[in-house]
Amino acid sequence: LQGIFVLGLPYALLHSGYSGLLLLVLAAALCCYTGKILIACLYEEDEDGQLVRVRDTYEDIANACCKKLSPKLGGIVVNVTQVVELVMTCILYLVVSGNLLSHSFPYVPVTEKTWSVIAFVTLLPCVFIRTLKIVSKLSQLCSLVHFVIILVVMTYCLTQIHQWSWAKFRLSIEFEDFLVSVGVIIFSYTSQIFLPTLEGNMKNPEEFRFMLNWTHFFACVLKTTFALIAFLTWGEETKEVITDNLPSFLKMLVNLCLLTKALLSYPLPFFAATEIVYSCISEGNHSNYRFPLLALSVKGSFLLLTLLMAMFTPHFALLMGLSGSVTGAAMTFLLPSLFHLKLKWKKLSFLEKCADISVFILGFFSSLAGMVCSIKGLLEVFG
């Protein structure tokens with residue numbers, strides 16, 4: 001969801017004012033930190049004091065923390081949380097694809113749900129993806145398309161530089177609107193679900209921390225620059241998705257780019273979710289694919305599930321917000337800090353313990369606030 005959330009950052013600045021700029025930096029630092037401590041939980045020191053990777057997945061970390069209660073309890077909780085978040089992400093991509101196609105071709109007598117089915121057909125080859133290498137190539141193309149979208153928006157904004165004014169920033173903010181901004185900003189950096197797999201597949205895993213530092217630094221700089229320039233261009237007229245502010249001749253181009261990005265983004269969460277489920281069913285033999293028919297059945301079922309939920313789930317945006325508040329905060333802040341404290345307590349310094357506890361508290365209140373806002377919205381919708 002990185003790209004979709006990025007397009008909402010100018011709108012977040014509209015409701016958070018100057019504090020939003022600080023939040024963009026703080027969120028990058030916190031997500032980078034929780035990514036590092038999560039990966040640290042994969043390693044233990046051997047007899048010679050050398051770090052050895054003794055765990056492979058988020059599930060393994062959770063099981064190690066909860067082994068006194070139940071050998072598999074932690075893994076079940078983490079897997080369910082991961083699958084829910086990943087499936088909801090896949091559904092959102094289908095919903096977005098149908099919406100974009102509908103707005104790109106308004107004169108075609110086809111409903112938005114039918115457009116979602118058409119987008120779904122293009123995603124059927126996902127059932128044959130067997131390695132992360134293929135997914136990574138698709139993600140590279142996705143990043144290229146995302147760059148084109150950002151470039152188009154920023155280029156147009158720079159042509160409107162004569163309209164910029166710092167007076168457009170708010171000094172006073174509404175608390176509920178601020179909470180919405182916090183959610184958009186924080187979750188534009190989340191990637192913890194994929195980090196154990198990513199680190200395990202790196203040719204040089206020892207460079208992971210270096211990679212994480214620089215990717216979060218550049219992400220922070222680019223996102224802050226993009227959000228600031230776009231907000232200074234449109235001010236109070238900034239819309240929830242900034243591309244809706246573009247003139248019609250650019251909106252069509254950007255919508256088609258967003259559609260391409262959504263379709264290219266789908267395989268990553270889909271692959272991750274099906275790998276988790278297949279691993280549980282086949283008792284860890286997912287990498288060898290000893291049961292190809294079972295693997296195809298799992299992937300086909302998931303693909304169909306995302307389509308059905310995209311077409312028939314009412315008020316999906318609010319439900320997505322509720323799910324994101326629970327699963328997103330849990331996977332990004334709550335669980336990494338909790339697991340790190342549990343597994344590394346004796347080796348952590350006082351400041352490291354304070355940092356983990358602070359992140360946990362922040363994640364708890366962010367999750368609680370997001371749940372309250374989402375539930376309130378659902379109650380209003382259902383009367």
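**Close-up views of a predicted model**

**View 1. Helix α15 is the biggest giver to a nonpolar surface patch.** With seven residues, helix α15 (residues 350-381) contributes the most to the nonpolar patch in this predicted model. On the surface, the patch is built from L338, I357, F360, I361, F364, F365, L368 and V372. Add up their accessible area and you get about 700 Å² together. If you're picking out single residues, V372 is one that sits in helix α15.

**View 2. E44 and R55 pair up through their side chains.** Here's one of the five salt bridges in the structure. The N to O distance between R55 and E44 is 3.1 Å. The two residues are eleven apart and come from distant parts of the chain: E44 belongs to strand β1 (residues 43-45), while R55 is in the loop between β2 (51-53) and α4 (58-66). How buried or exposed is each partner? R55 has 11% relative accessibility, so it counts as buried. E44 comes in at 22%, so it counts as partly exposed.

**View 3. E44 also forms a salt bridge with K344.** Look at E44 again, this time with K344: their closest N and O atoms are 3.8 Å apart. Since E44 is in strand β1 and K344 in helix α14 (residues 316-344), this pair ties together parts that are 300 residues apart in sequence. K344 counts as buried because its relative accessibility is 12%. Put this pair next to the one in the previous view and you have a network of salt bridges linking E44, R55 and K344. As a quick reminder, side chains of opposite charge can pair when their charged atoms come close.

**View 4. E45 and K347 make a salt bridge.** The side chains of E45 and K347 meet at 3.9 Å, N to O. This is another link between distant parts of the chain, with E45 in strand β1 and K347 in the loop between α14 and α15, 302 residues apart. As for cover, E45 counts as partly exposed because its relative accessibility is 47%. K347, at 55%, counts as exposed.

**View 5. T274 is tucked away in helix α12.** The helix in this view, α12, spans residues 267-281 and holds T274. Is T274 buried or exposed? It has just 1% relative accessibility, so T274 counts as buried. A polar atom of the T274 side chain lies 3.0 Å from the backbone oxygen of F271. Leaving aside residues up to four places away in sequence, T274 touches V298, K299 and F302.

**View 6. F226 is one of the best-connected members of the largest nonpolar core.** That core has 101 residues, and the ones touching the most other members are L94, Y189, F226, Y266, F302 and F339. Which helix gives the most to this core? Helix α10 (residues 208-234) does, with twelve residues. Zoom in on F226 and, not counting residues up to four places away in sequence, you'll find contacts with V6, L7, P10, I150, V153, M154 and I242. F302 links back to the previous view: T274 touches F302, and F302 is among the residues listed for this core.

How values were computed
Residues are numbered from 1 along each chain as its sequence is written. This is a predicted model: local features need pLDDT of at least 70, side-chain atom pairs count only at pLDDT 80 or more; totals for chains, interfaces and linings use all residues. Side-chain values use heavy atoms; hydrogens and water are left out. Patches are made of residues with over 30% relative accessible area and no salt bridge: like charges are joined within 9 Å, nonpolar side chains (Val, Leu, Ile, Met, Phe, Trp, Tyr) within 5 Å. Accessible areas come from the Shrake-Rupley method with a 1.4 Å probe; for residues, only the protein chains shown count as cover. A salt bridge is a side-chain nitrogen of Lys or Arg within 4 Å of a carboxyl oxygen of Asp or Glu. Helices (H or I, at least four residues) and strands (E, at least two) are DSSP runs, numbered from the N terminus. Buried means under 20% relative accessible area, exposed over 50%, partly exposed in between (1.4 Å probe, protein chains only). A polar contact is a pair of N or O atoms within 3.5 Å; within protein, one must be able to donate a hydrogen and the other to accept it, and residues adjacent in sequence count only if both atoms are side-chain atoms. Contact means heavy atoms within 4.5 Å. A nonpolar core is a set of buried Ala, Val, Leu, Ile, Met, Phe, Trp, Tyr and Cys residues joined through side-chain atoms within 4.5 Å.
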